[in-house]
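Here is a short briefing to read alongside the structure. It goes topic by topic, beginning with a single helix residue.

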Amino acid sequence: MKPTPHTAFCERAIVEAQKSPLEHKLGAVIVKDNKVVAAGFNQYTVNHYRHAWSVHAEVAAIMQLRGKPPSYLRECEMYVVRIGRRHSCPTHPLRLSKPCANCEALIRERGIRRVYYSVNEDVPVNGGKPRAKTGQGTPIGVLSTCPTMRLPK
């Protein structure tokens with residue numbers, strides 16, 4: 001299967017997901033003009049009161065761009081992937097990573113132009129091509145898994 005422009009950004013998001021210490025490893029990259037401008041992965045953080053909370057990959061990436069004008073984010077796209085356990089299916093490492101309601105609301109609020117998320121290999125998509133979810137605001141797209149996409153060693 002011929003690689004698409006999306007492949008490089010998915011692979012970078014996979015690298016981010018591998019940094020996650022959590023069982024469900026998610027990574028996100030924000031792209032502007034075909035360059036990665038921010039990246040993040042899901043993790044727990046603890047404040048000085050010892051309260052812990054999770055930081056989602058999408059939030060971690062978006063927070064790197066705080067202070068940028070709204071027009072900057074309107075020109076960006078986001079890629080979000082969730083990787084499976086290495087032993088579960090090495091040829092199809094991606095799993096469903098649709099943003100939660102809070103992350104989707106933040107993405108829409110920030111005006112990111114388009115978001116792509118990975119799906120399980122058994123979820124039918126438009127011939128492996130990205131498919132946008134219709135609705136108001138930011139289109140949420142789908143990136144299917146691809147047999148050539150493997151976890152980097």
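Arg108 sits in helix α4. The model is a predicted one. At 29% relative accessibility, Arg108 counts as partly exposed, because that value falls between the 20% limit for buried and the 50% limit for exposed. Its C-alpha atom is 9.8 Å from that of Arg74, a residue 34 positions away along the chain.

**Helix α4**

- Helix α4 spans residues 101-110.
- Its buried residues are Cys103, Glu104, Leu106 and Ile107.
- Seen down the helix axis, the buried residues of α4 fall within an arc of 160°, so they line one face.
- The face turned away from that buried side carries the exposed residues Ala101, Asn102 and Glu109.
- Just after α4 comes Gly111, with a positive phi of about 80°.

**Overall fold**

- The protein has 153 residues, and 44% of them count as buried.
- Its secondary structure comes to four helices and nine strands.
- From the N terminus, the order of elements is α-β-β-β-β-α-α-β-β-α-β-β-β.
- Among contacts with a separation of 6 or more, 60% join residues that are 24 or more positions apart.
- The accessible surface comes to about 8,800 Å². Carbon and sulfur atoms account for 52% of that surface.

**Nonpolar cores**

- The largest nonpolar core holds 19 residues. Ile30, Ile62, Met78, Val80 and Ile112 have the most contacts inside it.
- The elements that give two or more residues to this core include three helices, α2 (57-63), α3 (70-73) and α4 (101-110). The strands that do so are β1 (25-32), β5 (76-83) and β7 (114-118).
- Another core, of 13 residues, lies apart from the largest one. Its members include Ala13, Val29, Val81 and Ile83.

**Cysteines**

- How many disulfides does a search of the whole structure find? The search finds zero.
- The sulfur of Cys103 has its closest cysteine sulfur in Cys100, at 3.7 Å. That is too far for a bond, because a disulfide needs the two sulfur atoms within 2.5 Å.
- Cys103 is buried, at 3% relative accessibility.
- Cys76 is also buried, and its relative accessibility is 0%.

**Ser20 and its surroundings**

- Ser20 lies in the loop between α1 (5-18) and β1.
- Is Ser20 buried or exposed? At 2% relative accessibility, Ser20 counts as buried.
- The side chain of Ser20 reaches the backbone oxygen of Asn42 at 2.8 Å.
- Leaving aside neighbours within four places in sequence, Ser20 is in contact with Lys25, Leu26, Phe41 and Asn42.
- Asn42 therefore appears both in that contact list and as the partner of the Ser20 side chain, because contact covers heavy atoms within 4.5 Å.

**Positive phi between β1 and β2**

- Most residues other than glycine have a negative phi.
- Which phi does Asp33 take? Asp33 is not a glycine, yet its phi is positive, at about 55°.
- Asp33 is placed in the loop between β1 and β2 (35-41). Asp33 is exposed, with a relative accessible area of 58%.
- Asn34 is not a glycine either, and its phi is positive, at about 60°.
- The loop between β1 and β2 also holds Asn34. Its relative accessible area is 62%, so Asn34 counts as exposed.

**Tyr117 in strand β7**

- Tyr117 is found in strand β7.
- At 9% relative accessible area, Tyr117 is buried, because that value is under the 20% limit.
- Tyr117 and Lys98 are 19 residues apart in sequence. In space they are 5.7 Å apart, C-alpha to C-alpha.
- Strand β7 is one of the elements that give two or more residues to the largest nonpolar core.

Key. Residues are numbered from 1 along each chain as its sequence is written. This is a predicted model: local features need pLDDT of at least 70, side-chain atom pairs count only at pLDDT 80 or more; totals for chains, interfaces and linings use all residues. Side-chain values use heavy atoms; hydrogens and water are left out. A nonpolar core is a set of buried Ala, Val, Leu, Ile, Met, Phe, Trp, Tyr and Cys residues joined through side-chain atoms within 4.5 Å. Buried means under 20% relative accessible area, exposed over 50%, partly exposed in between (1.4 Å probe, protein chains only). A polar contact is a pair of N or O atoms within 3.5 Å; within protein, one must be able to donate a hydrogen and the other to accept it, and residues adjacent in sequence count only if both atoms are side-chain atoms. Accessible areas come from the Shrake-Rupley method with a 1.4 Å probe; for residues, only the protein chains shown count as cover. The arc is that of the directions from the helix axis to the C-beta atoms.
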